[in-house]
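Student: Got a minute to go through this model with me? I'd like to start with the salt bridges.
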Amino acid sequence: MTNELNLDREAHDRMTTSTRRAAAQKTRANTIVRPTDHATPLELSNITIHYGGGKNGAEAVNVVDDFNMTLHAGEMHCVAGRSGSGKTSILTVGAGLTLPTSGRVFWEGDSLETMGDDEIADRRRALIGYVDQGGALIDGMSALENVLLPAVPDGEVEQRRDMAKDLLDLVGLGRRMRHRPAQLSGGERQRVAIARALILGTRVLVVDEPTASLDRASANRIISILKDTTSDGIAVLVASHDHELVRQSDTLTELI
């Protein structure tokens, strides 16, 4: 009886894995390569961020105090506020690029406090795509090569090539994939950076001021892409003071 039960479980596990894999392959433009593992992929609890202070005698600057946020799959949360209000600091803490002075960061329910540096780096690659302000690209590489760059350390460039082309199609740059950054507009470079951030099957897209310095038409294109991304179940955390982006976000935190 036990053996039969184990066989049934194994069959169920194989069927579940097959079903999940099929579901992932059907995702639009393959922007998710596996299903969402957790309904709240990112949570920030009582986050405080100070700069300065310590032994050198400099006065500590309180940038963020007691910040809380729960980001659900398929949701876009905007952190809005003036320059210097701490928007970028919150994004880098959420992405695990810097540590808060106090408070806890949870990725898919797991606290970063329990992880070493290597585990954080590995989990970040699997979970989070980060796009800094301006979406910096490598000048000597084409748009397609830039998108494929995160796949280099794992030796998966060829396996991800079709997905990279799909992503460039998704952001409207399929015909410009051979162009280098100098041949692209600011808005186009930002779109390439977003495609690059999605190439590893990102479940949380973190984007800093994606529409800054763009004309209204280009900014609206970026906003549309971010909204389309949430339709694929990806959570988006964005920092912006763009009124249109704020308006189209699902949830909002305004920093003073």
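Student: So how many salt bridges does the structure hold?

Tutor: Eleven. Keep in mind that this is a predicted model.

Student: Pick one. What meets the side chain of R203?

Tutor: The side chain of E108, in a salt bridge at 2.9 Å, N to O. That pair links distant parts of the chain, 95 residues apart. E108 sits in the loop between β4 (102–107) and β5 (110–111), and R203 is in the loop between α6 and β7.

Student: Is E108 buried or exposed?

Tutor: E108 counts as buried because its relative accessibility is 13%, and the cut-off for buried is under 20%. R203 is buried as well, with a relative accessible area of 3%.

Student: OK, and what does D110 pair with?

Tutor: R123, with their side chains in a salt bridge at 3.2 Å, N to O. D110 belongs to strand β5 and R123 to helix α3 (residues 117–127), so to speak two distant parts of the chain, 13 residues apart. D110 is partly exposed, at 35% relative accessible area.

Student: Which residue does E188 meet in a salt bridge?

Tutor: R176; the N to O distance between those side chains is 3.2 Å. E188 lies in helix α6 and R176 in the loop between α5 and α6, so the bridge ties together parts that are twelve residues apart in sequence.

Student: Where do those two fall on accessibility, buried or partly exposed?

Tutor: One of each. E188 is buried, with a relative accessible area of 13%, while R176 counts as partly exposed at 26%.

Student: Let's stay with α6. How far does it reach from its first C-alpha to its last?

Tutor: 19 Å, for a helix of 13 residues (186–198). That is close to the 18 Å expected at 1.5 Å a residue.

Student: And how many of its residues are buried?

Tutor: Eleven of the 13, so to put it simply, α6 is mostly covered under the cut-off of 20% relative accessible area. Among them are G187, R191, I194 and L198.

Student: What do those buried residues pack against?

Tutor: Two strands, β6 (128–131) and β7 (204–208), and three helices: α4, α5 (157–170) and α7 (216–231).

Student: New topic: pockets. How much space lies in the largest one?

Tutor: About 280 Å³. The lining has 13 residues, and R125, I128, G129, Y130 and P150 are the closest to the centre of the pocket.

Student: Which elements each supply at least two residues of that lining?

Tutor: α3, β6 and α6.

Student: Zooming out, what does the whole chain have in the way of helices and strands?

Tutor: Eight helices and nine strands. There are 256 residues in the chain, and 45% of them count as buried. As for contacts with a separation of 6 or more, 71% are between residues 24 or more positions apart.

Student: Last thing, confidence. What is the mean pLDDT of the chain?

Tutor: The mean is 86, and 84% of the residues reach 70 or more.

Student: Which element has the lowest mean pLDDT?

Tutor: Helix α1 (residues 2–25), at 38. Helix α4 (residues 143–148) has the highest, at 98. Over residues 1–30 the pLDDT is below 50, and that stretch has 17 contacts in the model beyond near neighbours in sequence.

Student: How should I treat a stretch like that?

Tutor: Where pLDDT is low, the predicted coordinates should not be read in detail.

Key
Residues are numbered from 1 along each chain as its sequence is written. This is a predicted model: local features need pLDDT of at least 70, side-chain atom pairs count only at pLDDT 80 or more; totals for chains, interfaces and linings use all residues. Side-chain values use heavy atoms; hydrogens and water are left out. pLDDT is the predictor's confidence in each residue, from 0 to 100. Helices (H or I, at least four residues) and strands (E, at least two) are DSSP runs, numbered from the N terminus. Contact means heavy atoms within 4.5 Å. The expected span of a helix is 1.5 Å times one less than its number of residues. Buried means under 20% relative accessible area, exposed over 50%, partly exposed in between (1.4 Å probe, protein chains only). A salt bridge is a side-chain nitrogen of Lys or Arg within 4 Å of a carboxyl oxygen of Asp or Glu. On a 1 Å grid over the protein atoms alone, a cavity is a set of points where a 1.4 Å probe fits but cannot get out, and a pocket is an open set with protein on both sides within 12 Å along at least five of seven lines; lining residues have an atom within 4 Å of a point. Grid points are joined across faces, edges and corners, and a volume is the space filled by probe spheres set on the points.
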